[in-house]
Amino acid sequence: QQNWGALKQFYTENEDWRGYIQTLDDALVDVSDASQRVEIQCEIARVFETWLNDLDSAVQRLEQVLDEAPENLSVARTLETHYSAQDNRVKQVAVLQRIVDGTEVPQEAIDALEHGIVLLEADEHADEAFDWVCRLAELELEQGRFEQADRLDHLADQAERYLDYSNWLGEVADVAPDQSLRRQILLRRGAILHDQLDQNQEAIQVYERLASIHDADLEPLAILEKLTYQEQDWTRFEQVLWRQIDIHRGNDEESSRDHLRSSYLKIAQLREDLFEDNAQASGCYQSVLDLCPGDRTSLDGLERIYRADERWSDLINLLREDMERVSDVSAANTRRLSIASVINRQMDDVDSAIDEYTQVLADEPGRPEALAALEDLFDAGRGQIRAGHLLEPVLRQTERYDRLVEILVNRLDTTGEPVERSGLLEELSVIQEQFL
């Protein structure tokens, strides 16, 4: 050791590099100290590379060093440079792995991983590259970032490693340093489970976990709504809708009102059609009407439920409120005709029904539905006098004399007034002579 400097100078002056190497090799036989052996082998490698221009031999010597001292990262770094010069990608990747495993400097590990991934991707080793990117992403997560998602997506697709990718995301989500990163990772995992692995139940569990992280996070809830609907998991589907309602309720923005309307209607239809729970369904329809007065879907839904449950008073009130909101006379009378029908057929209140038909004909003389309903009443022997009174002028105008005769005869049979009877008989005589 003491004479090494002089020895090196002697061989350098004489350019006896082979002799120098031989001398160093002979010295190795008697050296047991690990650090000295590394130093001698590195010197031999330097001579091969620098003075003999024999890179292959230099590499062999350095490989021997690394076999004896696997933890020697300085030698590993040098070998990585030499392998790159030799375009020996297999060994270059292997020594980069040693650097990653051995270094205590996170950035050095990240740089080594990045370099190795480039090499693996260039050689189309997608399977191995995927594992390396996972390792790289773990190191980046320790630094509070997750930037490898797109890269992992691509490699998982190439290597058909979506299941491994999903499992890995589940593991790193548990150790993510903050909620924002955990959310990002879980969103990615949920998408893979649903889109790539067709594991909707597992995806639902992931999105439910996401929704529990941030109570006001609408994105996982929107996805949960779609998944639970696809799976026909109606209990969960309804729960998701109520959670969205809780978030949007109290917000006056138009988008929130639209979401509330949509969610209430979905629950109402679910309760009405599948759960046969008309009480809760009608409550949801009413909530929509509170938000959007005159909403046609909700009005139709309530009308359907009130009819099914024979809630006639509620139905009449609903139709009358709807009628009062309508500015078009014809449309308003359509609601009034429905009211009259309910009053007549369901509540057996002929006089009130005729009151409604009277108002319809006052607004729209000759309205066919009103006239048909009045004729039905007359034929049924219910409210004949009032029905006939409303029908007479229309029948005269339309020259339906046979029908008019029936109504006049009915009046004749029911009246005892001589003057009125005389007038009816005269009119019947004229009709008989001139038109029948």
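Is Arg77 buried, partly exposed or exposed, and what is its relative accessible area? Select Arg77 to begin: the residue is partly exposed, with a relative accessible area of 37%. Here buried means under 20% relative accessible area, exposed over 50%, and partly exposed in between, with a 1.4 Å probe and protein chains only.

The model is predicted: local features need pLDDT of at least 70 and side-chain atom pairs count only at pLDDT 80 or more, whereas totals for chains, interfaces and linings use all residues. Residues are numbered from 1 along each chain as its sequence is written, and side-chain values use heavy atoms, with hydrogens and water left out.

**Salt bridges**

Add Glu108 to the selection. Its side chain meets that of Arg77 in a salt bridge, at 2.4 Å from N to O; the term denotes a side-chain nitrogen of Lys or Arg within 4 Å of a carboxyl oxygen of Asp or Glu. Side chains of opposite charge can pair when their charged atoms come close. By the salt-bridge rule, the count comes to 48. The Arg77 and Glu108 pair links distant parts of the chain, 31 residues apart: Arg77 is in helix α5 (residues 73–86) and Glu108 in helix α7 (residues 106–122). Helices (H or I, at least four residues) and strands (E, at least two) are DSSP runs, numbered from the N terminus. Glu108 counts as buried, at 19% relative accessibility.

Next, select Glu225 and Lys266, whose closest N and O atoms are 2.3 Å apart in a salt bridge. This pair also links distant parts of the chain, with Glu225 in helix α13 (residues 218–230) and Lys266 in helix α15 (residues 254–273), 41 residues apart. Glu225 is buried at 12% relative accessibility, while Lys266 is partly exposed at 28%.

Move to Asp277 and Arg271, whose side chains form a salt bridge at 3.3 Å, N to O. Asp277 counts as partly exposed at 22% relative accessibility; Arg271 is buried at 17%.

Then select Glu375, Asp379, Arg400, Arg403 and Glu406 together, since a network of salt bridges links them.

**Nonpolar cores**

Which residues touch the most other members of the largest nonpolar core? Select Leu79, Phe146, Leu152, Tyr165, Trp168 and Ile185, which do so within a core of 76 residues. A nonpolar core is a set of buried Ala, Val, Leu, Ile, Met, Phe, Trp, Tyr and Cys residues joined through side-chain atoms within 4.5 Å. Helix α8 (residues 126–142) gives the most to this core, with ten residues.

Centre the view on Trp168. Leaving aside neighbours within four places in sequence, Trp168 is in contact (heavy atoms within 4.5 Å) with Cys134, Ala137, Glu138, Phe146 and Leu152. A second, separate core has 56 residues, including Ile245, Val360, Phe378 and Leu424.

**Cysteines**

The structure holds zero disulfides, a disulfide being a pair of cysteine sulfur atoms within 2.5 Å. Select Cys284: the nearest cysteine sulfur, that of Cys292, is 14 Å away. Cys284 is buried at 2% relative accessibility, and Cys292 is partly exposed at 21%.

**A surface patch**

Finish with Val430, Phe435 and Leu436, which form a nonpolar patch on the surface with about 260 Å² of accessible area together. Patches are made of residues with over 30% relative accessible area and no salt bridge, like charges being joined within 9 Å and nonpolar side chains (Val, Leu, Ile, Met, Phe, Trp, Tyr) within 5 Å. Accessible areas come from the Shrake-Rupley method with a 1.4 Å probe; for residues, only the protein chains shown count as cover. Phe435 lies in the segment after α24 (418–434) and is partly exposed, with a relative accessible area of 41%.
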